[in-house]
Every structure is written in C-alpha cells, then in structure tokens.
Amino acid sequence: MAFDEFTTKFATEEQCRDYLYQLRWPEGFVCPKCEHGKAWNVGDVLFERANCGRQTSVIAGTIFQDTRKSLKTWFTAIWWVTTQKTGASAVGLKNVLGFGSYQTAWTWLHKIRTAMVNPGRSKLKGVMEVDECYIGGEENDGKRGRGTENKTLRIVLSRTFFWVGKL
Ligand SMILES: [Zn+2]
C-alpha cells in the first residue's frame with residue numbers, strides 16, 4: 001500500500017477506529033464478559049457498553065490502550081515501521097511522527113516490534129490469517145506485490161489486540 005493510499009484509507013480517527021472494530025469484532029460486537037452482542041456508544045466513541053453494564057473499547061488490551069495520541073498517529077507509526085526495508089529506527093520514527101521526545105519514539109517502536117513478533121498461538125485465537133512470511137519479509141512468490149503491506153498492517157494491528165493478553 002502506497003503512503004497516499006494509506007493516508008486516504010486512514011484519514012480520520014473514525015476510519016481507524018472502524019478498521020480496528022472490524023478486526024476485533026468481524027461478526028459484530030461481542031461483550032468480552034457476557035458475550036451479548038448488544039452495545040452502544042458511551043461518550044467517547046471508542047467505548048461500547050454491553051448488556052451486563054461492562055464497558056469496553058476497541059483498543060482495550062492493545063498497545064494503543066491509554067494512549068494520548070491519536071489512532072491515526074499509531075497507524076502511521078505501524079505503517080512506517082512495517083514498510084522500512086532496511087529496518088526502522090527510533091530516530092526515524094521520531095522524525096516521521098514529528099515527536100519531540102526520542103524516548104516516546106523508542107517506546108512506540110518497542111511496542112510495535114513486540115506486536116510484530118509472534119506472541120504464541122495461545123494468544124492468537126481468532127486471528128487465523130496470521131502468516132509469518134508477511135511480517136517484514138517477502139511473500140511466497142518473492143514479490144512485494146500490491147496489498148502486501150496492507151496485509152502486514154492488518155496482521156500487526158490484529159496482533160496488537162493480544163499484546164497484553166487481557167482480552
Ligand atoms: Zn456483557
């Protein structure tokens with residue numbers, strides 16, 4: 001996915017949130033506690049309130065949880081880290097995102113790299129399409145075809161849901 005394609009697809013917070021929502025609840029919202037499907041927005045659009053009164057969020061348990069930065073910034077960071085053919089550096093990420101702090105960029109890079117590493121099958125339930133060859137590498141046929149990075153982004157985002165294993 002070219003950068004302009006990426007920025008069009010993820011131009012707003014809503015687009016980023018909807019994308020995560022689709023990844024997390026492809027069959028529609030399911031409460032992690034009571035498994036009911038009923039939910040509605042509460043204040044912040046990221047939150048859903050389920051039947052049992054539990055509040056959850058499309059970013060709960062992910063590397064985005066408790067972030068003060070926008071999802072759009074996170075998506076951009078992930079896109080950039082996963083498309084650097086010679087490896088991503090904290091300095092590079094800092095420059096791309098315009099962060100003032102090297103420490104913040106380093107922390108983000110660490111979190112994103114953690115999400116890129118296979119955290120183990122037990123934590124990957126529900127993410128059936130994960131395929132090692134897409135992560136930072138070439139596809140089976142050796143081509144970096146159109147859509148390859150799109151898949152990488154999707155897989156890394158999927159993995160972010162399992163990063164802390166608290167779903
Ligand atoms: Zn519930």
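A residue is termed buried if 20 or more other C-beta atoms lie within 10 Å of its own, exposed if 12 or fewer do, and partly exposed in between. These terms are applied here to a predicted model, and they serve to describe the faces of its helices.

The chain contains 6 helices and 3 strands. Followed along the sequence, these elements come in the order α-α-β-β-β-α-α-α-α. The chain has 167 residues, of which 25% count as buried. When contacts between residues at least 6 apart in sequence are considered, 46% of them join residues at least 24 apart.

Helix α5 offers a clear case of two faces. This helix spans residues 102-116, and its 15 residues reach 21 Å from the first C-alpha to the last, close to the 21 Å expected at 1.5 Å a residue. Its buried residues are A105, W108, L109, K111, I112 and A115. Viewed down the axis of α5, these buried residues fall within an arc of 165°, so they line one face of the helix. Y102, Q103 and H110, on the other side of α5, are exposed.

The buried face of α5 can be related to another helix through A77. This residue belongs to helix α3. A77 has 22 other C-beta atoms within 10 Å and is therefore buried, the threshold being 20 or more. Apart from its neighbours within four places in sequence, A77 is in contact with L93, L97, W108 and I112; W108 and I112 are among the buried residues of α5. A77 also stands 9.2 Å from A105, C-alpha to C-alpha, although 28 residues separate the two in sequence.

Helix α3 has a further partner in α2. General terms are useful at this point: two packed helices are described by the angle between their axes and the distance between the axes. For α2 (residues 13-24) and α3 (residues 71-83), the angle is about 65° and the axes are 8 Å apart. The two helices are therefore roughly perpendicular to each other. E13, C16 and R17 of α2 make the contact with L71, K72 and F75 of α3. By character, the contact residues comprise 3 nonpolar and 3 charged, with no polar ones.

One of these contact residues, E13, lies in helix α2. With 15 other C-beta atoms within 10 Å, E13 is partly exposed. Its contacts, leaving aside neighbours within four places in sequence, are S70, L71 and K72. E13 and K72 are 59 residues apart in sequence, yet their C-alpha atoms are 5.9 Å apart in space.

Helix α2 as a whole has 12 residues and reaches 16 Å from its first C-alpha to its last, close to the 16 Å expected at 1.5 Å a residue. C16, L20 and R24 are buried in α2. They cover an arc of only 65° around the axis, which puts them on the same side of α2. The exposed residues E14 and Q22 are carried on the face turned away from that buried side.

Beyond α2, the backbone at E35 merits attention. This residue lies in the loop between α2 and β1 (39-41). Most residues other than glycine have a negative phi. E35 has a positive phi of about 65° although it is not a glycine. With 10 C-beta neighbours inside 10 Å, E35 counts as exposed.

Definitions and conventions: Residues numbered from 1 in each chain as written. Predicted model: local features only at pLDDT ≥ 70, side-chain atom pairs only at ≥ 80, totals over all residues. Axes fitted to C-alpha atoms, helices over the stretch in contact; angles between N-to-C directions. Helix = DSSP H or I, 4+ residues; strand = E, 2+ residues; numbered from the N terminus. Parallel < 35°, antiparallel > 145°, perpendicular 65-115°, else oblique. Contact = placed C-beta atoms within 7 Å. Nonpolar A, V, L, I, M, F, W, Y, C, P; charged D, E, K, R; others polar. Expected span 1.5 Å × (residues − 1). Arc of directions from axis to C-beta.
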